[in-house]
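Reader: Hello! Could you take one part of this protein and walk me through it closely, along with its surroundings? I would be glad of a connected account that I can follow on screen.

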Amino acid sequence: MFEKVGNNMVGNNTFEFDMPKLNWNERITHYAKITKMPRNLFIGEDGRVVGTWIMGNDYRVKSAYYGGYPATYLKRVKSLFPDKKNILHVFSGKVDLDTFPGDTVDINPALNPTYLDDAQHMETVPLYNYDLVLADPPYSVEDCDHYGTSMVKRNAVMRALQRLPPDAHVVWLDQVLPMYRKDEFKVEATIGMWKSTNHRFRGITIFRKL
Ligand SMILES: C[S@@+](CC[C@H](N)C(=O)[O-])C[C@H]1O[C@@H](n2cnc3c(N)ncnc32)[C@H](O)[C@@H]1O
């Protein structure tokens, strides 16, 4: 199913590349098999994946970190991408690395990320080594107040992510579709995410690097 295309050594890390061969039908089948969740992702006539995730009673955040991923989010995303080897969590906060291991980028040194860096530039991050990025930016100035950070220019983050290798995917959770270059990224999937009553709706956009 996978085709090995090479190794790359950076620092102490050996990064492995497997060319992704899964199509979205296979990704969705794997998602349903691993999570045992309803098969609520569909391939539209335009070839784009659409769907809705209703987090139900599983909306709580294990770490209790403000804005942290709700329970089952990481398991769901991971199950869509069994072919990915080198994972990068951008705006990583207190992401649950036991559930979805990977390297991390955050601007807050107290969180001890792999790369202490501004996601708008990521100059210290060897992005060309990663084949899957999960991004969870603060959504508003009010959210930023919780982190003591300034509002992020989403288009700058997407510009930095242009340094990813071809066929890398970016899973972006937000209330806004970030501006991106259509000659650099293709939107392959859009998934609405509902939690319980009185919580904001969010959207997941999955980009593929061209
Ligand atoms: C929504 S939280 C992420 C929570 C994470 N998904 C989790 O499960 O814990 C946003 C994170 O972005 C970080 N952040 C804010 N501005 C940033 C920037 N310019 N560059 C990198 N990280 C930033 C904050 O420190 C915060 O940890």
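Author: Happy to help; what follows is a close look at one strand, then at the pockets and two loop residues around the rest of the chain.

Please keep in mind that the model is predicted. As a frame for the close look, the protein has 210 residues, and 49% of them are buried. Its secondary structure consists of 4 helices and 11 strands. Among contacts with a separation of 6 or more, 58% are between residues 24 or more positions apart. The accessible surface is about 10800 Å², and carbon and sulfur atoms hold 52% of that area.

The part to zoom in on is strand β8, which covers residues 132–135. Which way do its side chains point, and are they buried or exposed? Leu132 and Leu134 point one way, Val133 and Ala135 point the other way, and all of them are buried. That fits a general pattern: in a regular strand, side chains alternate between the two faces of the sheet.

Next, the partners of β8. Strand β5, residues 87–90, runs parallel to β8 and is joined to it by 4 bridges. One pair you can pick out on screen is Ile87 with its bridge partner Leu132 in β8. Strand β9, residues 169–174, also runs parallel to β8, and 4 bridges join these two. Here a pair to look for is Val133 with its bridge partner Val170 in β9. So that you can trace it, the path goes from β5 to β8 and from β8 on to β9.

Now for the empty space. Rolling a probe the size of a water molecule over the atoms shows where such space is left. The largest pocket has a volume of about 910 Å³. It is lined by 45 residues, and those nearest its centre are Tyr66, Gly67, Gly68, Asp136 and Tyr147. Elements giving two or more residues to this lining are α2 (73–80), β6 (103–106) and α3 (141–147). By type, the lining of the largest pocket splits into 19 nonpolar, 13 polar and 13 charged residues.

Helix α2 deserves a pause of its own. It is largely enclosed by the rest of the structure, because 6 of its 8 residues are buried. The buried ones are Tyr73, Leu74, Arg76, Val77, Ser79 and Leu80.

The second largest pocket holds about 190 Å³ of space. It is lined by 13 residues, of which Lys85, Asn86, Ile87, Pro101 and Gly102 are the closest to its centre. Ile87 will be familiar as the bridge partner of Leu132. The lining of the second largest pocket divides into 7 nonpolar, 2 polar and 4 charged residues.

Finally, a look at backbone angles. Most residues other than glycine have a negative phi. Lys36 is not a glycine, yet its phi is positive, at about 60 degrees. This residue sits in the loop between α1 (24–35) and β3 (41–43). Is Lys36 buried or exposed? Its relative accessibility is 70%, so Lys36 counts as exposed. Asn112, in the loop between β6 and β7 (115–116), also has a positive phi, near 55 degrees. With 67% relative accessibility, Asn112 counts as exposed.

Note on methods:
Residues numbered from 1 in each chain as written. Predicted model: local features only at pLDDT ≥ 70, side-chain atom pairs only at ≥ 80, totals over all residues. Heavy atoms only, no water. Buried < 20%, exposed > 50% of the residue type's maximum accessible area, 1.4 Å probe, protein only. Pairing = 2+ DSSP bridges. Contact = heavy atoms within 4.5 Å. Areas by Shrake-Rupley, 256 points an atom, 1.4 Å probe, with all protein chains shown as cover. 1 Å grid on protein atoms, 1.4 Å probe; cavity = no way out; pocket = protein on both sides within 12 Å on 5 of 7 lines; lining within 4 Å. Points joined across faces, edges and corners; volume = space filled by probe spheres on them. Nonpolar A, V, L, I, M, F, W, Y, C, P; charged D, E, K, R; others polar.
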